[in-house]
Amino acid sequence: MPGVKYGTCPTCHSSRKPDYQRCYPCQEAHWLLGGDVPAVLPITYSIERSQVHYALRNYKDNFDVAVRIQFRNQLAGLLSLFMTSHQQCLAPFDVVTCLPSRKERTAAAEIVTMLKRFESIYQPVLTVGGGTTHTASADRFEASPSVEGRRVLIIDDTFTTGASVFSATSALRAAGALVENVLVIGRHVNPFKYQLSADLVEAAKDLKWAEHECVLCRTSESLF
Ligand SMILES: [Zn+2]
Ligand SMILES: [Zn+2]
């Protein structure tokens, strides 16, 4: 992002250390995926304690079902708005999927399946494998053989280290799918915990979120 003196990670758009090409989790993903990391498209930053962060937490964790529904609807609205403006910015896809959890249905899938445009192409093609959950790994998920030769878009709610979506990318590709993009609603940034994140939030504080620009098509600094 222009104007941020130390630069941002070209993969996940968060902060990175000045002397490194990308942030450490994305570097690990780079190794796991043989240098072919999918482009991560955050719709917005999810800054700790911000409104977006609150919505992303509460749509799945709030004890009150009415509150969960309210935030889920808001997030689905944001995703829908983004797709209307930026579907053409994404690589073509014929399957949309979300990450599985140990519950029957994942939280992100609850948002994604609310959108009419995904009705006929959403497929839960990933299952939980046996791998580690802390870092990106090839065996954390397994993908259905049905994805062979399909172009798959992964959508998740929050991107923190990317370990889940990069593990999913690895599993889908092992099953023969093409994965070029990962779309996430919020790229989590915690300025209360990390100085680099605090610097990023400070540098971006005057930039406005703009509906007509995404990380792939932006021409100005107005995105974040
Ligand atoms: Zn990164
Ligand atoms: Zn765009």
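The following legends describe close-up views of a predicted model.

Local features require pLDDT of at least 70 and side-chain atom pairs pLDDT 80 or more, whereas totals for chains, interfaces and linings use all residues. Side-chain values use heavy atoms, without hydrogens and water.

**View 1. Zinc site (ligand 2).** The zinc ion (ligand 2) has the protein donors H86 (ND1), C89 (SG), C214 (SG) and C217 (SG), at 2.2 to 2.4 Å. Donors are N, O and S atoms within 2.8 Å of the metal (3.2 Å for Na, K and Ca); water is not among the atoms, so sites may look incomplete. Angles among the 4 donor atoms run from 101 to 118°, and the site is tetrahedral (four donors, all angles between 85 and 135 degrees). Along the chain, the donors are spaced as H-x2-C-x124-C-x2-C. H86, in helix α3 (residues 65–86), and C217, in the segment after α6 (195–203), are 131 residues apart; helices are DSSP runs (H or I, at least four residues) numbered from the N terminus. H86 is buried at 1% relative accessibility, while C217 is partly exposed at 27% (buried means under 20% relative accessible area, exposed over 50%, partly exposed in between; 1.4 Å probe, protein chains only).

**View 2. Aromatic pairs.** The structure contains 3 aromatic pairs (ring centres of Phe, Tyr and Trp, the last by its six-membered ring, within 6.5 Å; planes under 30 degrees apart are stacked, over 60 edge-to-face, the rest tilted). Among them, Y24 and W31 are edge-to-face, with centres 6.3 Å apart and 75° between the planes. F159 and F166 are also edge-to-face, at 5.9 Å and 80°. Both F159 and F166 are buried, whereas W31 is exposed at 56% relative accessible area.

Technical notes. Residues are numbered from 1 along each chain as its sequence is written. Chains are lettered from A and ligands numbered from 1 in the order in which they are written. Four donors count as tetrahedral if all angles lie between 85 and 135 degrees; four count as square planar and six as octahedral if opposite donors are over 155 degrees apart and all others between 65 and 115; anything else is irregular. Helices (H or I, at least four residues) and strands (E, at least two) are DSSP runs, numbered from the N terminus.
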